[in-house]
Amino acid sequence: MKTTLDELQAFVAVVDTGSITAASEVLGLTISATSRTLGRLEEKLQTTLLRRTTRRLELTEEGSTFLHHARAILASVDEAEEQMAARRLHPAGRLRVDASTPFMLHVLVPLLDGFRARYPEVELELNSNEGIIDLIEKRTDVAFRIGTLKDSTLHARPVGTSRIRVLASPAYLERHGTPASPGQFGRHTLLGFTQPETLNDWPLRDADGNTVRIRPTIASSSGETLRHMALAGLGIVCLSDFMTGDDRRQGRLAPLLSRQTLDVRQAINAVYYRNTALASRITAFVDHVVDALGKRPFDA
């Protein structure tokens, strides 16, 4: 059986106080419990650490040698605990963050300067993946995911929801006209996703009342690529508000079929594994993002 910290603490306390009775008061234990703990330690080590006389306790030679190691071990544990406490107050270390390219560029990057000012000892590593990744395989601390979560091993903290809209540039509409209904999409160039196919479900109803699923004329795995194609006047696109807010406000992209558009919103969550202790740098980063964005951050 291995020696425990409780046994080391009891041994050192007895030596420092000079008696089992005094050590018991320091440790908050009964005299019998302290005596048993000390006896158990000696049994494990198969040696006598303290010679008990009628007046006092004396260290044996083996006890004196072991005391030196016991103090070093307890000091090392105290130092480690102090460092962990300091990290909780002052987050530090490498933080690996994953998000899709649009969310990284339009949401996270603008918030990094403020985070770095508050937590300069956190080393950020930012990765963009358009699909779902394995957090452990990719050594990721926290990921921001858009849409319905399916992995029950993940803990999710809501960041907000973002509405999706059908959009086109004024230049495209000037050249090709504005569709009056989804039934006229066949005359237009539609920009959509390669995968998953559900991203090609647009928030509109067809003539039969079913949700419109478009067949892209030009497809991409990246929402940011689709945004740039739409800005270049290459076609009609359906994208989330978090990445098109500035484009709509400045007139670079115009919403289409607004009265017919359903209020469909994508959930956005910060996710990390629920079975791991949450490092303070993860908490600090997620708190910063949520606080900076505020309530209903993408409504515009």
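## Close-up views of a predicted model

**View 1. Arg40 and Glu7 join their side chains in a salt bridge, with 3.0 Å from N to O.** Arg40 belongs to helix α3 (residues 31-45) and Glu7 to helix α1 (residues 5-17), so this pair ties together parts that sit 33 residues apart in sequence. The two ends have their own surroundings: Arg40 is partly exposed, at 36% relative accessibility, whereas Glu7 is buried, at 1%. Keep in mind that this is a predicted model. As background, side chains of opposite charge can pair when their charged atoms come close. Across the whole model, the salt bridge count comes to 17.

**View 2. Arg94 and Glu125 make a salt bridge between two strands.** Here the N to O distance is 3.5 Å. Arg94 sits in strand β3 (residues 93-99) and Glu125 in strand β4 (residues 122-128), and the pair links parts of the chain that are 31 residues apart. Both ends get some exposure: Arg94 is partly exposed with a relative accessible area of 35%, and Glu125 is partly exposed too, at 26%.

**View 3. Arg227 and Glu224 pair up within helix α7.** Their side chains meet in a salt bridge at 2.8 Å, N to O. Both residues lie in helix α7 (residues 223-231), three residues apart, which is about one turn of the helix. Arg227 is buried at 10% relative accessibility, and Glu224 is buried as well, at 8%. Back at the strand pair, salt bridges with shared partners join Arg94, Arg96, Glu123 and Glu125 into one network.

**View 4. The peptide bond from Gln195 to Pro196 is cis.** Its omega is near -15°. To find the spot, look in the loop between β7 (190-193) and β8 (201-205), where Pro196 lies. For context, most peptide bonds are trans, and most residues other than glycine have a negative phi. The next two views pick up the phi side of that story.

**View 5. Gln46 has a positive phi without being a glycine.** The angle is about 55°. Gln46 lies in the loop between α3 and β1 (50-52). With a relative accessible area of 73%, Gln46 counts as exposed, because that value is over 50%.

**View 6. Leu257 also has a positive phi, and it is not a glycine either.** The value is about 50°. Leu257 is placed in the loop between β12 (254-255) and β13 (265-273). Is this leucine buried or exposed? Leu257 is buried, with a relative accessibility of 10%; the label applies because the cut-off for buried is under 20%.

**View 7. Leu67 of helix α4 is in contact with Phe11, Val12, Val15 and Leu59.** That list leaves aside the neighbours within four places in sequence. Helix α4 covers residues 61-89, and Leu67 is buried there with a relative accessible area of 10%. One more pair to look for in this view is Leu67 and Leu49: their C-alpha atoms are 8.7 Å apart in space, and the two residues are 18 apart in sequence.

Key. Residues are numbered from 1 along each chain as its sequence is written. This is a predicted model: local features need pLDDT of at least 70, side-chain atom pairs count only at pLDDT 80 or more; totals for chains, interfaces and linings use all residues. Side-chain values use heavy atoms; hydrogens and water are left out. A salt bridge is a side-chain nitrogen of Lys or Arg within 4 Å of a carboxyl oxygen of Asp or Glu. Helices (H or I, at least four residues) and strands (E, at least two) are DSSP runs, numbered from the N terminus. Buried means under 20% relative accessible area, exposed over 50%, partly exposed in between (1.4 Å probe, protein chains only). Contact means heavy atoms within 4.5 Å.
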